[in-house]
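Good morning, and thank you for coming. Please take a moment to look at the sequence and the structure before we begin.

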Amino acid sequence: MTDTTISPRGGVPERPSLDGLEETWARRWQEDGTYAFDRTKERSDVYAIDTPPPTVSGELHMGHVFSYTHTDTVARFQRMRGRTVFYPMGWDDNGLPTERRVQNVYGVRPDPSLPYDKDWRPPAAPVDDAARKNPTAISRRNFIELCELLTVEDEKAFEALWRRLGLSVDWSLTYTTIGSAARAASQRAFLRNLARGEAYQAEAPTLWDVGYGTAVAQAELEDRERPGAYHRLRFTGPDGREVLIDTTRPELLPACVALVCHPDDERYADLVGAAARTPVFGVEVPVRAHPLADPAKGTGIAMVCTFGDLTDVTWWRELRLDTRVVIGRDGRLLREPPAGVPAEPYAALAGQTVNGARRTLVELLADAGDLVGEPRPITHPVKFYERGDRPLEIVSTRQWYLRNGGRDAGLREELLARGRELRWVPEHMRHRYEHWVGGLTGDWLVSRQRFFGVPVPVWYRLDDAGEPDWSHPLTPDEAMLPIDPTSEPPPGYEETQRGEPGGFTGDPDVLDTWATSSLTPQIVGGWETDPDLFARVFPMDLRPQGHDIIRTWLFATVARSHLEHDALPWHTAVLSGWILDPDRKKMSKSKGNVVTPMALLERNGSDAVRYWAANGKPGMDLAFDPAQVKVGRRLATKLLNASRFALGLGAADALRAAATQPLDTAMLAELSGVVATATTAFDGYDHTAALMATEAFFWRFCDDYIELVKERAYGTGPAADSARAALATALSVQLRLFAPVLPFVTEEVWSWWRYGSVHRSPWPTTYEVGRAMEAPGDPELLRLAADALGQVRRAKSERKLSMKADVPLAEALGPAAVLDQLGTVADDLRAAGRIAKLDLLPDRTTELVIACAF
């Protein structure tokens, strides 16, 4: 790696400015291929990053800027360390978020029963609320085309932001999670899971989002506090015994299949094994014992309904209870009562919404005298799909699952072992992974009843009655992938046989978006399509991501790689925190505290915003602080001006000369320590520590060293040559130390006096800095000289004198050894302080004191 491969030197401008640097250098980097991946390198020379593909249907926010800046500092550091960096960019454009965005923007809804209309065109502009509330029905294919159209526009906005931010990705490696390569990889992996018995289909209770009309997985749940009420219901036990039950969901009474108490609860011991009758409906249900029943909750005995919550599912499965489903996929009570439930009282509930049915049933209970007391208001956690706005229901559906250890102790232990094998930054984030894997209660539900996604790649034979054979799905050859079974026939069949007895039907579902995103290393690495590339990048070196999706993206990717490759997908995972507002509250659109990234970048400059982001450590939340952004801009501006000053002294022509003077070697010795600190920090993925060390030195360099040495550097002779040599080395090294965080200003300054790109130049080393010194330096000498100069400046300030005011006499008092050291830099101190005469008076004080006479 050299710094002489591109772009000639541009010379120092008369009035350097930060304005316009982003456009200039983003264009140059693209034209020159500065960040292009070299696929001829051996695996040991490659640093591969599994970049998070952002959901392009969402809005850009400061969290994107925060976490992607962190990743970019790693990529730039590794590139300067001599690695060829595999740094792709992906767009996550399939799934529910995209569908919802298309529906809201264009006021449409998909209707699979409608034929494709090749002449249909979407509205020319986003529609109003009225159109959203009364959407136009369009065919599935028209809807998918509309999704594809909108995601292309969204991706352009994201790419513009990333280029403005200065991400050093290789834009030729861009991919989408709905693109042909991603669909083929996702379907290939699913078919192999199916062949190995890791994917299976089952009819089972399913978490269902009524708003989206689809099943959701355990990893996509979140609890939200919602108001509710406890209703006390009177059941009738043996011999007319009163059995009181507290419930927040009285509308599920017709779905009741049992009462459950704790095995050790003496209050109900005599009821276990007997039966009770439900109020209103008079259905006989068994009383059973189970350790999950909480004697301290409510009356200590609960009704089991199919299905009110996940505990109901557990009781239903483990106690082998009957099934009485009453809620349909539309969130309304079914028109017909379940088996064993009388039709007459149920008729008042049929077709109602959950809330409506609850009100009706409470009235029925009250009229029957079976509602004991008034409902007691409470606030309790209710499960939602993380993107949904209506509480989840549990309905019985046929779905596809992938084994993930939730029901297989052996696989769970294997995946826990993978977590221990992975390097976590910060390390404590591993516990979140272990907590999630250890707490799984079921396998991964991967099918979705939606449209814009990767189709489940199977068909089903239809028997003579037209019923599908679920247990023997028809699968395509991998060479056919990607396929859509809703529009393509299986091998050996004709399209005319679709839906006909003796023919076939395609699986109508799509795969969960995580089922594709969990394969990003395989998708971008060319798994099975580019074996040479895959061998050079897999397993990858780094997975950067947010800590809040350890349970989804990170775990799912580990699981898929373990099952397919018997290996981790990457060696290291670096987790980023959340962005908080200045009051340290999490930023969100609902709270109205979101900051728009592009406007901020344009107003303050990208380097300033990257500086703010780099002040956040891995795994730690960071508050958005406009003042910190201003500090970043001030730093970038100072780097421009200090560089211009140093180069104006002739530093560029002294780059490879050696520093000979004590103050110069002292400065370089301290710089050598900074190089060591920053290198160790970047090796440990601590960009914040690297920046802090570099920035602290830079301000000392500007405020102390340059002020002390500039008079000498203006002169001629060996002492002046030494100053210019030290300035050249210090500038070259500091530009490279800052380059991962401040790519634009460092590239600009580098172009004034060096060939090529600073981002393709070698990372500085302590050996390089040491070679620039004729003899080893003492960093303490620079601090001593800076202390002395600071005292002179304070003396002038206290007398309200200009810093250019002359000092006729200054006396330096202190220990003899300290003054001996000061004497080696006395000429620089006199020049910087404009001291006519400097007397050294040893052993008069225990610490250095500079007394000025005016």
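In which sense do strand β27 and β29 pair, and over how many bridges? Strand β27 (residues 807-814) pairs with β29 in the antiparallel sense, over five bridges. Here two strands count as paired if DSSP finds at least two bridges between them. Helices (H or I, at least four residues) and strands (E, at least two) are DSSP runs, numbered from the N terminus.

Let me state the basis of this talk. This is a predicted model, in which local features need pLDDT of at least 70, side-chain atom pairs count only at pLDDT 80 or more, and totals for chains, interfaces and linings use all residues. Residues are numbered from 1 along each chain as its sequence is written, and side-chain values use heavy atoms, leaving out hydrogens and water.

Within the pairing just described, Leu813 stands opposite Val849 in β29. These strands belong to an open sheet of three, ordered β28-β27-β29, with mixed pairing. Its edge strands, each pairing on one side only, are β28 (835-842) and β29 (849-853).

Turning to the helices, α25 (residues 816-823) packs on this sheet and touches β27, β28 and β29, where contact means heavy atoms within 4.5 Å. The direction of α25 makes about 150° with that of β28; axes are lines fitted to C-alpha atoms, for helices over the stretch in contact, and angles run from 0 to 180 degrees between N-to-C directions. Helix α26 (residues 826-833) lies across β27 and β28, at about 135° to β28.

Finally, six bridges join the antiparallel strands β9 (residues 221-236) and β10 (residues 242-247). Arg232 stands opposite Asp246 in β10.
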